[in-house]
Amino acid sequence: DAGTIKGHRGSVLHFLRDPSDHDGEGQAYEYFEDGILVVEHGKVVHCGDAEDVKSRYPHLEIEDHTPHLIVPGFVDCHVHYPQTEMIAAYGEQLLEWLDSYVFPVEAKFGDHEHASQVADFFVKELLRSGTTTALTFCTVHEESVDALFEASSKRNMLMIAGKVLMDADPYAPEQLRMNAVKSYEASKRLIDKWHKRGRCLYAVTPRFAITSTPEELQLAGKLLGDHQHDGVYMHTHLNENKSEIELATSIHGSESYLSIYDKAKLLGPRSVFAHCVHMKDSEWKQMKATDSVMAFCPTSNLFLGSGLVDLHAVKEHKIRCGLGSDVGGGTSFCQLQSLNEAYKVGQLSGFKLDPLSAFYLLTLGSASALSLNDRIGNFLPGKEADFVVLDPGSTALLRHRVSLSSTLQEKLFLLATLGDDRCIAKTFVTGCCQFQRRLEKSAQAL
Ligand code: GUN
Ligand code: ZN
């Protein structure tokens with residue numbers, strides 16, 4: 001039971017700050033090769049060397065995960081749960097891909113039963129991929145938000161989500177279009193119903209500048225303004241694809257994409273902009289000045305052929321940046337795979353994403369991007385005990401390759417490059433095991 005004090009033994013790794021921030025003070029991470037993470041009432045009490053913890057807590061009940069690696073639960077800063085239904089759709093870039101594949105699938109989420117089935121599959125898929133917190137799009141339907149929060153609440157997951165706003169005719173297709181005032185009122189009802197209920201948090205979610213009229217963006221800005229003191233988020237897309245940028249700026253008669261959102265007062269420390277692939281210098285500066293956040297979605301940016309994020313600029317401008325899977329534009333729920341692709345994006349511009357910075361981004365970095373670093377992201381006392389047990393020997397290749405490596409950095413790099421959901425042995429949410437890997441039934445013949 002979650003109330004009793006319990007130790008989890010294994011190699012334990014967590015971060016205290018960004019290891020690539022060279023002005024940062026103190027050590028960036030703690031690693032206990034033989035460590036114990038102590039949990040009580042769903043919160044972290046302590047973590048340290050096994051011998052030391054055992055002498056402090058002589059009667060501690062211990063679950064032994066040795067020789068696996070215990071790390072904080074992964075955080076996904078940008079994902080679309082309804083798109084679980086069409087992940088890996090062939091042949092198109094953003095705008096055609098939305099019309100051909102995304103919108104038809106999203107149109108079905110007015111049916112609560114359907115939305116619940118997909119939401120259930122989605123949260124289970126997050127957990128089996130090691131993700132314990134996500135910022136997710138729903139659809140324009142109020143029911144889609146209920147279904148998602150019902151599914152995440154059942155597993156007590158810290159989840160941020162919101163109803164999608166899209167009212168622009170003809171860019172939002174008729175079956176997904178909702179009048180801006182109606183959408184605003186539905187969003188308000190959903191904030192009252194779900195924001196801060198258990199571990200649920202709400203995000204005002206205009207899809208992107210193309211599918212919302214200026215009036216709708218203004219109302220979204222008002223909603224954010226009225227609720228941001230209470231920790232409500234804003235979640236949208238920005239500068240993903242060149243045709244998208246051209247269309248968005250011409251519809252709104254704006255010299256930059258970000259200015260469209262700025263005009264509607266949508267920027268700020270809890271505003272998360274997915275992609276940021278093609279940014280002007282002025283837009284980076286505007287992001288920084290408002291403390292706005294970007295979600296870096298490498299598997300999606302490559303799959304949809306959107307482009308390469310300028311990681312040098314992100315660092316240079318000190319932009320708050322988290323990692324997103326962007327499923328179904330992204331191709332994996334497992335954020336280890338996002339790291340794999342992130343490294344390759346860096347390689348193409350001479351930016352080295354080192355393994356410690358990568359694991360920081362996966363955990364505390366993304367938690368900080370979502371302003372949740374006071375609750376999750378590492379194992380300091382009092383943090384909510386969301387964690388993952390990683391098995392670096394889960395595949396023959398990893399086992400073989402890791403056995404030939406010597407340093408922690410090397411092992412982390414192998415996990416980030418060769419690892420995927422097969423490495424997730426167990427996932428714990430507030431101290432309770434919500435996923436345990438078994439040998440799965442072999443694939444059916446096509
Ligand atoms: N821009 C607007 N909607 C979407 C979406 O569903 N996915 C992605 N990747 N970009 C978008
Ligand atoms: Zn997206």
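Here is a walk through this predicted model, from the annotated span to the ligand shell and then to some backbone oddities.

Let's start with the record. An unreviewed UniProt entry lists residues 70-431 under "domain: Amidohydrolase-related". In the model, that span is 44% helix and 17% strand, and its end C-alpha atoms lie 13 Å apart.

Now look at helix H2, residues 94-106. A straight helix of 13 residues would span 18 Å, but H2 spans only 15 Å between its end C-alpha atoms. There is a bend to go with that: H2 turns by about 35° at Ser 100, and Pro 104 follows within four residues. Several of the H2 residues are buried, namely Leu 94, Trp 97, Leu 98, Tyr 101, Val 102 and Glu 106. Helix H7 (242-251) is part of what covers them.

H2 also matters for the next stop, ligand 1, since H2 gives the most to the shell there, with three residues. Leu 94, Leu 98 and Val 102 are among the residues around the ligand, and others include His 80, Arg 207, Phe 208, His 237, Glu 240 and Asp 326. By character, the shell divides into four nonpolar, four polar and three charged residues.

Next, head back to strand S1 (residues 6-15), where you'll find Arg 9. Is Arg 9 buried or exposed? Arg 9 has 21 other C-beta atoms within 10 Å, and 20 are enough to count, so it is buried. Leaving aside residues up to four places away in sequence, Arg 9 touches Ile 36, Ala 50, Ile 62, Glu 63, Asp 64, His 65 and Thr 66. The C-alpha atom of Gly 48, 39 residues away along the chain, is 9.8 Å from that of Arg 9.

One of those contacts, Thr 66, leads on to a backbone feature: a cis peptide bond joins Thr 66 to Pro 67, with omega about 10°. Pro 67 sits in strand S4 (residues 61-72). Another cis bond runs from Asp 169 to Pro 170, with omega near 10°. Pro 170, though, is in a loop, between strand S8 (164-165) and helix H5 (180-194).

Finally, two residues have a positive phi without being glycine. Asn 239 has a phi of about 45° and lies in the loop between strand S10 (233-238) and H7. Asn 239 is buried, because it has 25 other C-beta atoms within 10 Å. Thr 430 has a phi of about 40°, and its loop connects strand S15 (424-429) and strand S16 (432-436). Thr 430 counts as buried too, because it has 21 C-beta neighbours inside 10 Å.

Technical notes: Residues numbered from 1 in each chain as written. Chains lettered and ligands numbered in written order. Predicted model: local features only at pLDDT ≥ 70, side-chain atom pairs only at ≥ 80, totals over all residues. Expected span 1.5 Å × (residues − 1). Bend = angle between axes of the 7 residues up to and from the residue. Buried ≥ 20, exposed ≤ 12 C-beta atoms within 10 Å, placed from the backbone. Contact = placed C-beta atoms within 7 Å. UniProt positions renumbered as here; feature names shortened; annotations may be inferred. Near = placed C-beta within 6 Å. Nonpolar A, V, L, I, M, F, W, Y, C, P; charged D, E, K, R; others polar.
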